Amino acid sequence: MSDRLARELRVFHELARVVAAGPYDVDEILDRICSEVRRAFEFDRALLVRLDADNETVHAVVQQNVDWPGDEWLPVDMFPFLRRALAEKRTVYVEDAAAEEAVPDSIAE
């Protein structure tokens, strides 16, 4: 079993344990998911967004070490990695947000 797969399984197991323990607040569990993924993969940042497909905008549900502008809905096209995630229909991990221009400088700290 690869190291990455083992980490993914540990994260999944921890999150399943938290959910099963209930009751829980949805915002709290989403924040915990981001925290667990960050910890397991040693990520500096985590961003979980909600998509308004009709308007092609996104809103931050969870932001960790990301400076989202308040309650704003922002165009998906501001975030090339989100556009890629939507096109590929999968989660996208960005190793270097600045190098990939994945997140605008005004949002990434």
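Which residues is Val58 in contact with, leaving aside its neighbours within four places in sequence?

**Exercise 1. List the contacts of Val58 and place this residue in the nonpolar core.**

Solution. The model is a predicted one, in which local features need pLDDT of at least 70, side-chain atom pairs count only at pLDDT 80 or more, and totals for chains, interfaces and linings use all residues. Residues are numbered from 1 along each chain as its sequence is written, and side-chain values use heavy atoms, with hydrogens and water left out.

Step 1. Contact means heavy atoms within 4.5 Å. With neighbours within four places in sequence set aside, Val58 is in contact with Val49, Arg50, Leu51, Trp68, Glu72, Trp73, Leu74, Val76, Phe79 and Leu82.

Step 2. A nonpolar core is a set of buried Ala, Val, Leu, Ile, Met, Phe, Trp, Tyr and Cys residues joined through side-chain atoms within 4.5 Å. Here, buried means under 20% relative accessible area, exposed over 50%, and partly exposed in between (1.4 Å probe, protein chains only). The largest such core has 10 residues in all: Val58, Ala60, Trp68, Leu74, Val76, Phe79, Phe81, Leu82, Ala85 and Val92.

Step 3. Strand 2 and helix 3 (80–88) are the elements that give two or more residues to this core. Helix 3 gives the most, with 3 residues. In soluble globular proteins, nonpolar side chains tend to be buried together.

**Exercise 2. State how many helices and strands the chain has, and give their order.**

Solution. Step 1. Helices (H or I, at least four residues) and strands (E, at least two) are DSSP runs, numbered from the N terminus. The chain has 3 helices and 3 strands.

Step 2. Along the sequence, their pattern is α-α-β-β-β-α.

Step 3. Of the 109 residues in the chain, 28% are buried. Among contacts between residues at least 6 apart in sequence, 33% join residues at least 24 apart.

**Exercise 3. Describe the surroundings of Gln64 and Thr57 in strand 2.**

Solution. Step 1. Gln64 is found in strand 2, which covers residues 57–64. Gln64 counts as buried because its relative accessible area is 7%.

Step 2. A polar contact is a pair of N or O atoms within 3.5 Å; within protein, one must be able to donate a hydrogen and the other to accept it, and residues adjacent in sequence count only if both atoms are side-chain atoms. The Gln64 side chain makes such contacts with the side chain of Ser35 at 3.0 Å and with the side chain of Arg38 at 3.1 Å.

Step 3. Not counting residues up to four places away in sequence, Gln64 touches Asp31, Cys34, Ser35, Arg38, Asp44, Arg45 and Ala46.

Step 4. Thr57 also lies in strand 2, and Thr57 counts as buried because its relative accessibility is 14%. Beyond its neighbours within four places in sequence, Thr57 is in contact with Arg50, Leu51, Asp52, Trp73, Leu74, Pro75 and Val76.

**Exercise 4. Examine the positive phi values of Glu42 and Asn65.**

Solution. Step 1. Most residues other than glycine have a negative phi. Glu42, although not a glycine, has a positive phi of about 55 degrees. For Asn65, also not a glycine, the positive phi is about 65 degrees.

Step 2. Glu42 is in the loop between helix 2 (26–41) and strand 1 (46–52), whereas Asn65 is in the loop between strand 2 and strand 3 (74–75).

Step 3. Glu42 counts as exposed because its relative accessibility is 69%. Asn65, at 44%, is partly exposed.

**Exercise 5. Characterise the lining of the largest pocket.**

Solution. Step 1. On a 1 Å grid over the protein atoms alone, a pocket is an open set of points where a 1.4 Å probe fits, with protein on both sides within 12 Å along at least five of seven lines; lining residues have an atom within 4 Å of a point. The largest pocket holds about 960 Å³ of space, a volume being the space filled by probe spheres set on the points, which are joined across faces, edges and corners.

Step 2. The lining has 29 residues, of which Ala46, Leu47, Phe81, Val92 and Tyr93 lie nearest the centre of the pocket. Strand 1 gives the most to the lining, with 5 residues.
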